[in-house]
Amino acid sequence: MNGGGDMVQPLGFGPGVPVIAGSGGADVEAWTRFYGAWSDVDGDGNAAAADTDTSGFFVGVDGMVSDTVKLGVLGGYSSTDLDVDARNAMAAPTPGISASMPGRSSTA
């Protein structure tokens with residue numbers, strides 16, 4: 001919440017995203033988001049079955065730098081695994097690192 005009682009919207013994921021930490025009345029918010037996806041693809045007479053697992057997280061801080069400009073920073077990590085049992089094949093976990101500096105301006 002800012003001094004006027006309005007929700008300071010996190011930049012990373014839009015309105016209504018739960019905020020886990022604030023700065024006690026300042027126009028700064030910290031947030032986090034975890035995600036994951038799991039897939040099992042069936043095999044047939046031509047191709048083997050495959051399993052994939054992807055998971056990760058983002059953390060960020062957004063804040064008002066003037067009456068009409070909000071800036072933020074975020075970072076994240078993800079990992080994807082691929083397993084094809086019928087071929088005795090497995091891809092090593094593939095990590096990924098993300099960073100961004102989003103911003104927005106409003107005249108309202």
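## Close-up views of paired strands and an aromatic cluster

**View 1. Phe 57, a partly exposed residue.** Phe 57 has a relative accessible area of 31% and is partly exposed. Keep this residue in mind while looking through the views, all of which come from a predicted model. Next to it in our tour comes Tyr 77: Phe 57 and Tyr 77 make a tilted aromatic pair, with ring centres 6.5 Å apart and 40° between the planes. This contact links distant parts of the chain, since Phe 57 sits in strand β3 and Tyr 77 in strand β4, 20 residues apart. Tyr 77 is partly exposed too, with a relative accessibility of 36%.

**View 2. Phe 34 and Phe 57, a pair between β2 and β3.** The structure holds 3 aromatic pairs. One of them joins Phe 34 to Phe 57; the rings are tilted, 6.1 Å from centre to centre and with 40° between their planes. Here again distant parts of the chain are linked: Phe 34 belongs to strand β2 (residues 28-41) and Phe 57 to strand β3, 23 residues apart. Is Phe 34 buried or exposed? Its relative accessibility is 62%, and because the cut-off for exposed is over 50%, Phe 34 counts as exposed. Taken together, ring pairs link Phe 34, Phe 57 and Tyr 77 into a cluster.

**View 3. The β3–β4 hairpin.** Now step back to the strands that carry two of these rings: Phe 57 is in β3 and Tyr 77 in β4. Strand β3 covers residues 50-64 and strand β4 residues 69-84, and the two pair in the antiparallel sense over 14 bridges. A useful place to find your bearings is Ser 55, whose bridge partner in β4 is Ser 79. With 4 residues between them, β3 and β4 form a hairpin.

**View 4. The β4–β5 hairpin and its turn.** Strand β4 also pairs with strand β5 (residues 89-100), antiparallel and over 10 bridges. Look for Thr 80, which stands opposite Thr 94 in β5. These strands form a hairpin as well, with 4 residues between them. Which residue in the turn has a positive phi? It is Asn 88, at about 50°.

**View 5. β4 meets β6.** The last view follows β4 to another partner, strand β6 (residues 103-105), which runs antiparallel to β4 and is joined to it by 3 bridges. To locate this pairing, start from Leu 71: its bridge partner in β6 is Gly 103.

Notes: Residues are numbered from 1 along each chain as its sequence is written. This is a predicted model: local features need pLDDT of at least 70, side-chain atom pairs count only at pLDDT 80 or more; totals for chains, interfaces and linings use all residues. Side-chain values use heavy atoms; hydrogens and water are left out. Two strands pair if DSSP finds at least two bridges between them. Rings of Phe, Tyr and Trp (its six-membered ring) pair if their centres lie within 6.5 Å; planes under 30 degrees apart count as stacked, over 60 as edge-to-face and the rest as tilted. Buried means under 20% relative accessible area, exposed over 50%, partly exposed in between (1.4 Å probe, protein chains only).
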